Amino acid sequence: MQAHIVFDPSRWTLQLLDQRRLPWEETWVECRTVADVVAAIRPMVVRGAPAIGVAAAYGCALACREVSAHASWRTAVEALLADLAQARPTAVNLSWAVGRVAARIAKAPDPAAAALAALDEARAIHDEDVAMCRAMGRLGAALLPQKGTVLTHCNAGALATGGYGTALGVIRAAREMGKDIRVLADETRPLWQGARLTAYELARDGIPVEVICEGAAASMMARGEVDAVIVGADRIAANGDTANKIGTLGLAVLARHFGVPFYVAAPHSTFDLSIASGAHIPIEERAAEEVTHPCGSRLAPEGVGARNPAFDVTPAELISAIITERAVLQPPTAATIAQVLGGRV
């Protein structure tokens, strides 16, 4: 996959590939201010918890340049970072990345030095994310069969990360190891990230992929056509409960019923050890129009509303393993998570 998050230091701009327009056209959104970055994160120009974190980290660098003329620049930059950290509520990588860059900014003597320190930290976060994805890909690939079909939901690929991908990173690594892996991509309504983005990525990489309707997963598993399910995550609680794109919970329940292993792939930055269970994960409720007007065209009758929770929570007991860049947590429990990720930052 080509780069989709690019910072141009000569112009101090953040360039984001607009994922709302894929696969029909490849267009870029330019961000010069924190408000621009927030405006890109909220409508999902950039999406996927790790990718949101990377974009937000670069946004912190833009914030320092933005307040360079302020006498009380520290107060001004703190206000901008607070807005940035709240751009989307469920993806914990967002606040994690902003907090990490903010710690570097706090040590800088002036706005210019703060901007350079923030940019350095953002680049480190970006590079580390790609390295983490490759590491979890290598660990997770060992769980997949030598030959088989993997079902995935939403998009947990290069587009959702700094590059390479979490769930799709595991699939990519398995293919690189010579495994004959085919992919079924759930449509992932209402924004169709599976049909649009996962299929786009895998097709470009030459990995066999077919799109299936949301409701087809059960029959596919019943016929023995799914050897494993693998998804990403937006936040993982201390006990292993996992928030991911709406529809993930249903797949986990089906996988348990049909005896199909259900894997989650996520870096350490997606864990929120401050919350005991998934009951404390905030679930973003997005605009009803995403459901009633898919791809911009009205589908539901005039005057009919819609509910649009963006995520659901899968209990840890339904997860066969959580694949991180540090270890495979199998089974994922509070004890195994604390042992491997107790000092996650």
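This briefing covers two sheets, the largest pocket and the largest cavity of the structure above. The model is predicted. One sheet is open and has three strands, and another open sheet has seven strands. The largest pocket holds about 310 Å³ of space, and the largest cavity has a volume of about 190 Å³.

**Three-stranded sheet**

- The strands of this open sheet follow the order S1-S2-S3, and their pairing is antiparallel.
- Strand S1 (5–8) and strand S3 (28–31) are the edge strands, each pairing on one side only.
- From one strand to the next, the twist averages 20°.
- Helix H1 (residues 34–41) packs on this sheet and touches S2 and S3. The direction of H1 makes about 145° with that of S3.

**Pairing of S1 with S2**

- S1 and S2 run antiparallel and are joined by four bridges.
- One position in this pairing sets Val6 opposite Gln15 in S2.
- The two strands form a hairpin, with four residues between S1 and S2. In the turn, Trp12 has a positive phi of about 50°.

**Pairing of S2 with S3**

- Strand S2 (residues 13–17) also pairs with S3, in the antiparallel sense and over four bridges.
- Gln15, which stands opposite Val6, has Glu30 as its bridge partner in S3.
- Leu14 stands opposite Cys31 in S3.

**Burial of S2**

- S2 is mostly covered, with five of its five residues buried.
- Which residues are buried on the two faces of S2? Thr13, Gln15 and Leu17 are on one side, and Leu14 and Leu16 are on the other.
- Gln15 therefore counts as a residue with under 20% relative accessible area, the cut-off for buried.

**Seven-stranded sheet**

- This open sheet has the order S6-S5-S4-S7-S10-S13-S14, and its pairing is mixed.
- Strand S6 (209–212) and strand S14 (328–329) stand at the edges with a single partner strand each, so one side of each has no neighbour in the sheet.
- Within the sheet, strand S4 (residues 147–152) and strand S5 (residues 180–186) pair in the parallel sense over six bridges.
- In the pairing of S4 with S5, Lys147 has Asp180 of S5 as its bridge partner.

**Largest pocket**

- The space in the largest pocket is about 310 Å³.
- The pocket is lined by 17 residues, and those closest to its centre are Arg20, Leu191, Arg196, Glu290 and Cys295.
- By residue class, the pocket lining divides into eight nonpolar, three polar and six charged residues.

**Largest cavity**

- How many cavities of 30 Å³ or more are there? The count comes to three.
- The largest cavity, at about 190 Å³, is lined by 24 residues.
- Nearest the centre of this cavity lie Arg47, Gly48, Ala49, Asn155 and Asp234.
- Helix H2 (49–66) and strand S9 (242–245) each supply at least two residues of the cavity lining. H2 gives the most, with three residues.
- The cavity lining divides into 13 nonpolar, seven polar and four charged residues.

How values were computed:
Residues are numbered from 1 along each chain as its sequence is written. This is a predicted model: local features need pLDDT of at least 70, side-chain atom pairs count only at pLDDT 80 or more; totals for chains, interfaces and linings use all residues. Side-chain values use heavy atoms; hydrogens and water are left out. On a 1 Å grid over the protein atoms alone, a cavity is a set of points where a 1.4 Å probe fits but cannot get out, and a pocket is an open set with protein on both sides within 12 Å along at least five of seven lines; lining residues have an atom within 4 Å of a point. Grid points are joined across faces, edges and corners, and a volume is the space filled by probe spheres set on the points. Ala, Val, Leu, Ile, Met, Phe, Trp, Tyr, Cys and Pro count as nonpolar, Asp, Glu, Lys and Arg as charged, and the others, Gly among them, as polar. Two strands pair if DSSP finds at least two bridges between them. Axes are lines fitted to C-alpha atoms, for helices over the stretch in contact, and angles run from 0 to 180 degrees between N-to-C directions. Contact means heavy atoms within 4.5 Å. Buried means under 20% relative accessible area, exposed over 50%, partly exposed in between (1.4 Å probe, protein chains only).
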